[in-house]
Amino acid sequence: MAAVKTPESNSASAPESKSASAPESKSASAPESSHAASGDAAEDSDSDDGWLQQRTGYRALLRSLLDHPVSGGPRFAYVFGSLLLIALCNQVLTGALLMAFYAPSATDAWASVAYIQDQLWLGWLVRGLHSSGASLLIIGVVLHMVQVAIYGAYRAPREVNWWTGLLLALLLFGFALTGYLLPWDQKGYWATQVATTLLGATPLIGSTLQQLVQGGKAYGNLTLTHFYSLHVFVLPVCLLALVVLHLALFRRHGVTPLWRRGADELARTTEPFWPRQAVYDLAAGTLMIAALFVSVVRTHGVELGAPADPSVAYDARPEWYFLPLFQLLKYFPGSLEIVAALGAPLVFLGALSLMPWLDRGSATLGPAGLSAAQRVRSLAVFALCLGGVALLSGLARRDDARNASFRRHQADAHAQAVRARTLALQGVPVAGGIAVYENDPLEQGRKLFAEHCAGCHRLDRMGPSDEDQKGPTLNRLFSRGYIEAFLRAPDSPAFYGKSPLRGGMKPVELVGPELTDLVEYVYSLAGSKDVDAAKVARGQVLFEDKNCDLCHERDGKTGGQGPNLLGYGSEAWLRGFLLAPASITYYGDKNDMPAFGKKLSDGEMSRLLMFLLAQRAASNSAH
Amino acid sequence: MGELQSSERRSALRVVGGILLSALGLAWAIPAALFATSPVRRRRGSTSDAKQPGSEEDRATSVPIASLSEVPDLDQGGEPLRAAVVASGLRDAWNRLDQTKLGSVFVGKRAGALTALSATCPHAGCGIDYDGSRRQFVCPCHNSAFSIDGQRISGPAPRDMDRLDVSEKGGTVFCQFQRFRLALKNKVPV
């Protein structure tokens, strides 16, 4: 009630002082009218009873908001609450924009975020502002709490305000947790698994609670729709309610000036919120938002990881503001984990909410307040809480910095993310998420192999059963290892043992360095650059000495008992083979393989070739 | 004098406050407007997309809709065939679509030539039906009626049904599917 009375009495006095100063400040009419533009149309008549004012009485509302007295005058120390409001505006605005382009489903989430990040104009900026804005809010909350703690504003009669503030901070973590999962990338997927698993470890209601939150026994579409609804509706409504309450309580009690200022001085220097304190708040806010923009632009927004893949392990790390809790879990083995996960935050919040009663004389002393020195107990608890959080956070960072495999995995994950997002530029198949890898020509080549070749040939896990295998196994095709194994036993079941070509070639009886030399020579026929020239030269002599050349021509034209080996293992050789395996330069009338190349389009052919030739590259790098 | 100074200072502060507020507003509003309107502008990287089959540029190319043998001869009393237009390789924001239904067309032979009419009513975009007993096309929404050749007979439709290009190759009928703006007198592609 009191809060309503103040602005009314203000509204009675403010117009008077304004009309009194109006004749004197004719020269200053330009800034005056520019201010009026923000007020509304009726202002220019100098009359208080404009059309809109008569019907809505909006000026009373405006005055009640702007003319709220700041006891003891404006201070930069009071800007933090307003900074949080401004940062919150950033979240609401960028969040609403992201909502218009995001699809909360397990198949579409990652693809839609990749689309926002890489294909929409300034999508990276909007997403970056939203993500870094969350970090900004957490930093802002800490600063706000520190200011409140130093000035003693948590004390009577502002305890309820202190509690609503703590609840607001808790809500922010709820936003952060639910928002982290929404992109459905590796990072969010695995980190959030940790959180929901911990929830499931809650005594008694744990597993029910976990299933309720994630919409079933495992992650899927319902997990995203649930998290989405929490993130964009349930939590915002709670936040709005709490913010309104927090601000109403703030208006009831006003700011808390430093304890050493006397009541007379405070009364003498009191000023309305608008314009000076508002300008302080806005100046700090503009600086803060500018810093946010600069940091987002410098990092080109926040990284989007590779799409969530339950089959690919990931070193899950939460967002930086969850690191203390993450670190704490390392110290609580097995069943005690829940103590850390739920107990520690409860103790933390409990300690902070009891701060108003920790000091001697808290109950008896009025708003005049205690100095910081007299509040040593509550401030010590506060410092202990913050210090503990900072320490755990530092330890977590140090652990990761010393962990070489973590850094290596991070680099791999980054490379995978870049690959997935590049492929996503072609459009993600409707199967969504990890189906983006199907855009990779290599992946498409693998599919073509499975479709056309795997009836007779084996490669990796593709291919027929033993009794159906007709052609060679093509693992590491054209690699040195493949060539060597073939030369030693061409009739092994992995090569021609099960085809009509069986018995067509005798095993090479060379061993040791001579075999290596011959292998190097055959390997070099593809035109590979990574060969040992000396070995190749010796191998070529062996090729002729051992009469390989009696059956194998090397001119690309002449037929023989065996395939013509000009360019053996090169793309051209393989392409020619797939198009016409029965040609005299390949297997002639002994050929048993259909000319699959003729069934494939040019694009399919080149993707299949890329896949087959990659077998050699893959095994080379493994050497 | 002090009173005047303080009032001038307050005015100056008001201006500064207004400027800061506007700066903040613009910092958000400009990127927001660019972001929100980006789907109406051309997609970035569309030049490379254009090389791929089924890209935006490819949309106007013909898609097979029926085999020639199943197309009825309207002069012989046959009823126009409603054929679905299925395109492949289209993009829908983040998705690449393999087989997508774009709409349907009525095909028939008239005086020996193939004709195709879009089944989208040029009035408000409802799907047009064929009424066999009257040998007319009828829109079920606002009762526009069209002759078997697509000419407007009655109702609110502003123009005839939209005729599409059809061709035949090797016994398959191809249609060049296009969408036209609705509720206009003239046929203007979207």
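Across all chains of this predicted model, the count of disulfides comes to one. The bond joins C126(B) and C141(B), whose sulfur atoms lie 2.0 Å apart, inside the 2.5 Å limit that defines such a pair. The torsion about the S-S bond of these two cysteines is about -100 degrees, and the disulfide is therefore left-handed. C126(B) belongs to the loop between β6 (113-118) and β7 (129-131) of chain B, while C141(B) belongs to the loop between β8 (136-138) and β9 (145-146) of chain B, so the bond ties together parts that are 15 residues apart in sequence. The two partners are also described by their accessibility: C126(B) is buried, at a relative accessible area of 17%, whereas C141(B) is partly exposed, at 40%.

Two cysteines of chain A may be set beside this pair. The closest cysteine sulfur to that of C551(A) is in C548(A), at 8.6 Å, which is too far for a bond. C551(A) has a relative accessible area of 30% and is thus partly exposed. C385(A), by contrast, is buried, with 12% relative accessibility.

**Chain A: composition and helix packing**

Chain A contains 23 helices and three strands. Of its 623 residues, 45% are buried. Among contacts in chain A with a separation of 6 or more, 66% are between residues 24 or more positions apart.

Two helix pairs that share α7(A) illustrate the packing. In general, a packed pair of helices is described by the angle between the axes and by the distance between them. The table gives these values for both pairs.

| Helix pair | Axis approach | Crossing angle |
|---|---|---|
| α7(A) (residues 123-151) and α8(A) (residues 159-181) | within 11 Å | roughly 165 degrees |
| α5(A) (residues 79-99) and α7(A) | within 9 Å | roughly 160 degrees |

The crossing angle makes α7(A) roughly antiparallel to α8(A), since angles over 145 degrees fall in that class. The crossing of α7(A) past α8(A) is left-handed. On the α7(A) side, the contact is formed by L137(A), I138(A), V141(A), M145(A) and V148(A), which meet W162(A), L166(A), A169(A), L172(A) and F173(A) of α8(A). The residues of this contact comprise 10 nonpolar, no polar and no charged.

The pair formed by α5(A) and α7(A) is likewise roughly antiparallel. Here too, α5(A) passes α7(A) in a left-handed crossing. The residues of this second contact divide into 13 nonpolar, 10 polar and one charged. Polar residues thus appear in the contact of α5(A) with α7(A), while the contact of α7(A) with α8(A) has no polar residues.

**The loop between α7 and α8, and a second sequence-distant pair**

The loop between α7 and α8 of chain A holds R155(A). This arginine is buried, with 3% relative accessibility. The C-alpha atom of R155(A) is 4.7 Å from that of P356(A), although the two residues are 201 residues apart along the chain. P157(A) lies in the loop between α7 and α8 as well, and the peptide bond leading to P157(A) from A156(A) is cis, with omega near 5 degrees.

Q410(A) forms part of another pair that is distant in sequence. Its C-alpha atom is 7.6 Å from that of D315(A), with their positions 95 residues apart in sequence. Q410(A) is located in helix α17 (residues 404-424) of chain A and is partly exposed, at 45% relative accessibility.

**Further backbone features**

A cis peptide bond also joins W274(A) to P275(A), with omega about 5 degrees. P275(A) is placed in helix α13 (residues 273-299) of chain A, whereas P157(A) is placed in a loop.

Positive phi values occur in residues of both chains. L204(A), which is not a glycine, has a phi of about 65 degrees. L204(A) sits in the loop between α9 (186-200) and α10 (206-214) of chain A and is exposed, at 90% relative accessibility. In chain B, A183(B) is likewise a residue other than glycine with a positive phi, near 60 degrees. A183(B) is found in the segment after β12 (172-176) of chain B, and its relative accessible area of 51% makes it exposed, the threshold being over 50%.

Key: Residues numbered from 1 in each chain as written. Chains lettered and ligands numbered in written order. Predicted model: local features only at pLDDT ≥ 70, side-chain atom pairs only at ≥ 80, totals over all residues. Heavy atoms only, no water. Helix = DSSP H or I, 4+ residues; strand = E, 2+ residues; numbered from the N terminus. Buried < 20%, exposed > 50% of the residue type's maximum accessible area, 1.4 Å probe, protein only. Axes fitted to C-alpha atoms, helices over the stretch in contact; angles between N-to-C directions. Parallel < 35°, antiparallel > 145°, perpendicular 65-115°, else oblique. Left-handed = near helix turned anticlockwise from the far one by under 90°. Contact = heavy atoms within 4.5 Å. Nonpolar A, V, L, I, M, F, W, Y, C, P; charged D, E, K, R; others polar.
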